[in-house]
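Here is a walk through one protein model, taken element by element. Have the coordinates open and follow along.

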Amino acid sequence: MTDRSSVVISVSLVSHLGEELEEQAGRLLDEFGDWAAGRGIEVDLFVAEAALDARVTGDGVLTRWDAADVESVLLEWFPRKVTLERSEWPLVLVTLHGWVDFLAATRAAGTGDVAGLHAVIDRSASEFQARMGEERNFGLSKFWMVRMVEHGVDIADGEDVRAFLMAAQAGEVDYDRDVLDEIMRRHALGSDADLVLPEFVEDSPGPLPPTLVPSDDEVAALAEGTDVVARFRVLVSWVGAGRVLTTTKRLRVADARELALLLEVDTPYLELARSSADLPQVSLLVAWARAARLVRVVKGRLVPVKSAARVPARPLDLWWRVFEAFDDLGPAACGPASRFEEPSLVGQVLPEVMLDLWLSLYTAGGTPVPVELLAAGVRETVSAGYGLGALLGGFREVMWRRDLGAVLAALAALGAVELTTAAEVWERDKIVELSGRDDPDFTLVRLTPLGLWGVRKALRAQGIDAPSVEELAEAPLEQVCEAVESCAPEIADSVLATWVARRDAAQAATELAAFCVNGPTPVVRLLAWNALEHTGTPGVVEARRLRSEGGVVGGVAARWLAGRGELAPEAVGEREMMLALSEEMAAMHDHGVLLEEMTTHPLRDQLGFVRAVAVTDHPDRNPMLATIARDHPEHEIVTAANEALGSSAR
């Protein structure tokens, strides 16, 4: 056997397999080790573990291997998932040769053409070496593991790892950005079908919009108040010195009932439960505690992990540990499945599903998102993961939607998301329209402040650019405006106020005034006006100067000054008011909500707006009038817009 002190396996090995396979895999590895030792054959059991893990992602039959399985393990799984020093690559080939002979000797019925399998290993040897050496073939975890090994990071030291990742985020670690971008694109799509995708053209996610993330002190208090922190403290305390498990490595039913009562979960199922599997919340929490390395199984007993003994006393550390582990739950996150059900589709691709969910919710910045919009992305991910396409309907549709609901319920218990129901008629009508369903789910999902903090930390650890308000405030004004133009008003205002505060007020006012005139879109120009408010007296001076220039910018300046008490309302001319209104409506047009805003006003006011726009010299006058003429529901307004367009053409 080889010394593993210098080797990192960047893959979840046998510990995350299904409970039925875990025992089988452990027994097989023990038998393989004994068989090899008895024959004086040098093999690497860590390599064998990694190979078994790859086999489980196939049909789960650990002892049945064919040429395609061997080739896939050598040319896809190991290059993507397993980090080894170059000197140890030959041991992969030696170990697989030994594994084939072991299966042939002990499991002859499950082994195919033994000579053919050996030939595949030999034939793939040179390509295996080439792919192991090409970083573009790496998975995301392996890419960063290799960087950490290169920089002497102690992988077992959480603080050392965190310090490295922070340095990487700060640009202090040298790595090939193009390689990482390619890996990130592949990872974001959840596609492991191709090792190298040189012609892939879609962009990787990011940079993401800024969000208002609470401070560490605030999130610690928020974590303390979550159901999950309270429940895991109870669970770890209840496990105590250890709890005996059944032969299938589940809690005994009496123990499971006792734990359910302590946790105040699974009340409807207690009376009829014949196994801990009949108590879905208890089963989920135990699986989650194992994934978070708070407890583990040792010789048929569930026992606490000694190195995590102090974690429950630190609420934010406990919450983050549990948050990080969620992706590793797989089907366990998706509620109970009867013996007649297939494994959860969502659970099988949970890491990819979670990345889609986090990106969608984080981009919304805490704004509620209809679950139907999230479901569309999840459906795509599940379909792509299984190649189901149009077959993901009927019963399958019901099941994966149920599983998505279970995932969201677990995240709500975690305190990462808040679930509400759309109550307003217009909200429900919009959800029906968006979903194309007669019976859509009216649930709304939003990240909580604690969830925003956790998701941002997780995305940044994966190399995704998720800037904070403070970080963005150091950027050039053009970049800041571009980043916040689709954000909620309170976030945009926070970023712009911070940007101004980092600069001399007069300098900031001069730069903002230039943007009020030359900003590329009405949205950006109005953002500059909003930011000018934070500059104080220098901003007023610049606004007076801009008013004197006349035109659209002069009209907006007049309205801006009047709104701040720097100019009497009666001093603002009618033409100035109409130009300012045109600029605001042009910004709404850019956002695609012009008609939505117009139709909230009386018909008389809408006609007045159309006629006013027609006589202004706003550069976006004709595009706005064309949209109104094409899409407005009222014939009278459409006629007025067409007449205005005809006049401008003449």
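Val244 stands opposite Arg301, which belongs to strand β3. Val244's strand, β1, and β3 (residues 301-304) run antiparallel and are joined by 2 bridges; two strands count as paired if DSSP finds at least two bridges between them. Helices and strands here are DSSP runs, numbered from the N terminus: H or I over at least four residues for a helix, E over at least two for a strand. The model is a predicted one, so to speak of local features takes a pLDDT of at least 70 and side-chain atom pairs count only at pLDDT 80 or more, while totals for chains, interfaces and linings use all residues. Residues are numbered from 1 along each chain as its sequence is written, and side-chain values use heavy atoms, with hydrogens and water left out.

**Two open sheets**

The β1-β3 pair is part of an open sheet of 3 strands, ordered β1-β3-β2, with antiparallel pairing. Its edge strands are β1 (243-244) and β2 (295-298), each pairing on one side only.

Further along the chain there is another open sheet of 3 strands, this one in the order β4-β6-β5 and with antiparallel pairing. Here β4 (369-370) and β5 (417-421) are the edge strands, and each pairs on one side only. Strand β4 is joined to β6 (residues 443-447) by 2 bridges, and the two run antiparallel. Look at Val369 and you'll find its bridge partner in β6, Val445. As a reminder, strands of a sheet pair through backbone hydrogen bonds, either parallel or antiparallel.

**Salt bridges**

How many salt bridges does a search of the whole structure find? The count is 22, where a salt bridge is a side-chain nitrogen of Lys or Arg within 4 Å of a carboxyl oxygen of Asp or Glu. Three of them are set out here.

| Pair | Closest N to O distance |
|---|---|
| Arg446 and Glu418 | 2.9 Å |
| Glu566 and Arg544 | 3.5 Å |
| Asp631 and Arg630 | 3.0 Å |

Arg446 in strand β6 and Glu418 in strand β5 are 28 residues apart, so this pair links distant parts of the chain. For accessibility, buried means under 20% relative accessible area, exposed over 50%, and partly exposed in between (1.4 Å probe, protein chains only). Arg446 is partly exposed at 22%, and Glu418 is partly exposed too, at 34%.

The pair of Glu566 and Arg544 ties together parts that are 22 residues apart in sequence, because Glu566 lies in the loop between α26 (551-563) and α27 (574-591) and Arg544 sits in helix α25 (residues 537-548). Glu566 comes out as partly exposed at 34%, and Arg544 as partly exposed at 41%.

In the remaining pair of the table, Asp631 is partly exposed at 39%, whereas Arg630 is exposed at 58%. Elsewhere, salt bridges that share partners join Glu135, Arg147 and Glu150 into one network.

**Buried spots worth a look**

Helix α4 (residues 89-106) has 18 residues and reaches 26 Å from first C-alpha to last, close to the 26 Å expected; that expectation is 1.5 Å times one less than the number of residues. Its buried residues include Trp89, Trp99, Phe102 and His97.

Val282, in helix α12 (residues 280-291), is buried with a relative accessible area of 1%. Leaving aside neighbours within four places in sequence, Val282 is in contact (heavy atoms within 4.5 Å) with Leu251, Ala256, Leu259, Ala260, Val265 and Asp266. The C-alpha atoms of Val282 and Leu259 are 7.2 Å apart, with their positions 23 residues apart along the chain.

Is Thr226 buried or exposed? Thr226 is buried at 8%, and is found in the loop between α9 (216-224) and α10 (227-239). A polar atom of the Thr226 side chain lies 3.4 Å from the backbone nitrogen of Val229. Outside its neighbours within four places in sequence, Thr226 is in contact with Trp319, Leu414, Gly415 and Leu450.

**Cysteines**

The structure holds 0 disulfides, a disulfide being a pair of cysteine sulfur atoms within 2.5 Å. Cys516 is in no disulfide, and the nearest cysteine sulfur, that of Cys481, is 9.2 Å away. Cys516 counts as buried at 3% relative accessibility, and Cys334 is buried at 2%.

Terms used: Polar contact = N/O pair within 3.5 Å; in protein donor to acceptor, adjacent residues only side chain to side chain.
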